[in-house]
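Here is a short briefing to read with the model open beside you. Take it topic by topic, and find each residue in the viewer as you go.

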Amino acid sequence: MKRIAREVAGEEFARKVWKRMEFIGDIVLIKAPYGDEVDYKLYRRIAERILEELSYVKSVWLAASPVMGEYRIRRDLVHLAGEPRTETLYKEHGCVFKVDIAKIFITPRLSFEHLRIAKLVKPGEVVVNMFAGAGLFSIIIAKHARPRKVYSIDINSYAYKFMKENIEMNKVEDIVVPMLGDAAEIIKEKLVSVADRVLMPLPELAIEYLPYAVMSIKEKGRIHVYLHINWVKGEDYLEKAEEEVSAALSRIPSVKSFRIIGSRRVRPIGPRYEQVVVDVEVERNEQKG
Ligand SMILES: C[S@@+](CC[C@H](N)C(=O)[O-])C[C@H]1O[C@@H](n2cnc3c(N)ncnc32)[C@H](O)[C@@H]1O
């Protein structure tokens with residue numbers, strides 16, 4: 001990809017852009033560097049070369065702005081070349097997912113994290129995935145570990161629709177339970193004190209929704225909190241993330257004690273801006289209902 005970008009647009013442009021290309025099934029998504037003026041003709045030439053050279057690629061799209069809004073989707077997609085189609089089959093860790101790059105959140109950059117979490121799940125665990133998208137964490141956990149149940153929540157009706165299809169396609173209907181709605185409401189109504197492990201893969205809501213993750217665990221459980229951390233020179237962004245989670249947990253009255261197990265960078269988001277996950281074990285006071 002870097003070679004194609006270099007040959008079409010020169011070294012400097014290639015250096016900026018090639019890491020911003022994502023393969024999602026047979027679609028290539030190029031994320032334009034934000035803030036730069038977009039030279040559509042240049043991107044179209046790159047897209048055509050990609051189609052010529054990589055026969056498995058059928059469609060190339062440009063994302064002119066980052067994921068946005070409650071559903072974390074791309075509103076500014078521009079078709080560059082190939083089939084004008086946004087739906088595809090995306091494979092990860094032996095599972096297959098029907099996704100639509102225009103309607104739901106999807107990125108291959110969470111691939112390592114999906115499997116890392118699946119490997120932590122012990123046989124018989126009940127997992128709550130509060131922000132499941134098309135079900136990637138949930139289905140990969142069901143396939144690679146032996147959980148009893150994975151409750152898989154999303155508020156976007158398209159994500160829910162794809163999640164349901166993906167659960168069937170991967171034959172995990174007896175383990176993964178798709179749920180449509182707001183994670184806080186669903187937990188309050190249906191998932192109090194059920195989980196050994198809770199996933200919160202939505203940095204924008206993680207701190208605000210932490211009380212509901214706590215509500216969802218049994219007396220003791222593990223929570224994976226995903227955050228976006230801005231940092232300045234001299235700061236340790238992992239330490240900063242751990243402090244943020246510790247401070248938030250300390251404010252929740254039902255938390256009896258907690259222990260930070262660890263933290264890691266999931267992916268860079270921008271200059272001095274990281275997505276980080278903090279893994280924490282929480283013990284809860286008894287709760288009614
Ligand atoms: C970053 S995406 C999740 C990515 C997904 N876990 C994956 O691995 O591909 C966040 C998801 O949270 C959903 N969401 C946003 N607000 C929500 C809420 N209040 N309750 C449940 N889901 C929500 C969005 O629709 C989106 O699909």
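Helix 4 (residues 111-120) is a good place to begin: 7 of its 10 residues are buried, so the helix is largely enclosed by the rest of the structure. Please keep in mind that this is a predicted model. From helix 4 we move to the ligand, then to the chain as a whole, and finally to three individual residues.

**Helix 4 and its surroundings**

- Which residues of helix 4 are buried? They are Ser-111, Glu-113, His-114, Leu-115, Arg-116, Ile-117 and Ala-118.
- The cover over these buried residues includes helix 5 (136-144) and strand 5 (87-92).
- Also included in that cover are strand 10 (195-200), strand 11 (217-230), strand 12 (255-270) and strand 13 (273-284).
- His-114, one of the buried residues of helix 4, is also among the closest residues to the ligand.

**The ligand site**

- The ligand is surrounded by 20 residues, and the closest are His-114, Phe-131, Asp-154, Asp-182 and Ala-183.
- Sorted by class, this shell holds 13 nonpolar, 4 polar and 3 charged residues.
- Two backbone atoms face nitrogen atoms of the ligand: a polar backbone atom of Phe-131 is 3.1 Å from a ligand nitrogen, and a backbone N or O atom of Ala-183 lies 2.9 Å from a ligand nitrogen.
- Asp-154 uses its side chain instead, with a polar atom 2.7 Å from an oxygen atom of the ligand.
- How much of the ligand's accessible area does the protein cover? On its own the ligand has 600 Å² of accessible area, and the protein covers 98% of it.

**The chain as a whole**

- The protein chain has 9 helices and 13 strands.
- Its radius of gyration is 20 Å, close to the 19 Å that the globule rule gives for 289 residues, so the chain is as compact as a globular protein of that length.
- Computed along no other frame than the principal axes, the C-alpha atoms fill a box of roughly 60 × 50 × 30 Å.
- Of the 289 residues in the chain, 51% are buried.
- The accessible surface comes to about 13,700 Å², and carbon and sulfur atoms account for 50% of it.
- Of the contacts between residues at least 6 apart in sequence, 65% join residues at least 24 apart.

**Three residues to look up**

- Lys-31 sits in strand 2 (residues 27-31). Is Lys-31 buried or exposed? Lys-31 counts as buried because its relative accessibility is 11%, which is under the 20% cut-off.
- The side chain of Lys-31 makes a polar contact of 3.1 Å with the side chain of Glu-22.
- Leaving aside residues up to four places away in sequence, Lys-31 touches Arg-20, Glu-22, Ala-63, Arg-74 and Arg-109.
- Arg-49 belongs to helix 3 (residues 40-53) and is partly exposed, with a relative accessible area of 21%.
- Arg-49 and Val-8 are 41 residues apart along the chain, and their C-alpha atoms are separated by 8.2 Å.
- With residues up to four places away in sequence again left out, Arg-49 touches Arg-3, Ile-4, Glu-7 and Val-8.
- Lys-164 is found in helix 6 (residues 157-169), and at 38% relative accessibility it counts as partly exposed.
- The C-alpha atom of Lys-164 is 8.6 Å from that of Val-177, a residue 13 places away along the chain.

Key:
Residues are numbered from 1 along each chain as its sequence is written. This is a predicted model: local features need pLDDT of at least 70, side-chain atom pairs count only at pLDDT 80 or more; totals for chains, interfaces and linings use all residues. Side-chain values use heavy atoms; hydrogens and water are left out. A residue is near a molecule or strand if one of its heavy atoms lies within 4 Å of it. A polar contact is a pair of N or O atoms within 3.5 Å; within protein, one must be able to donate a hydrogen and the other to accept it, and residues adjacent in sequence count only if both atoms are side-chain atoms. Accessible areas come from the Shrake-Rupley method with a 1.4 Å probe; for residues, only the protein chains shown count as cover. Ala, Val, Leu, Ile, Met, Phe, Trp, Tyr, Cys and Pro count as nonpolar, Asp, Glu, Lys and Arg as charged, and the others, Gly among them, as polar. Helices (H or I, at least four residues) and strands (E, at least two) are DSSP runs, numbered from the N terminus. Buried means under 20% relative accessible area, exposed over 50%, partly exposed in between (1.4 Å probe, protein chains only). Contact means heavy atoms within 4.5 Å. The radius of gyration is taken over C-alpha atoms; the globule rule is 2.2 Å times the number of residues to the power 0.38.
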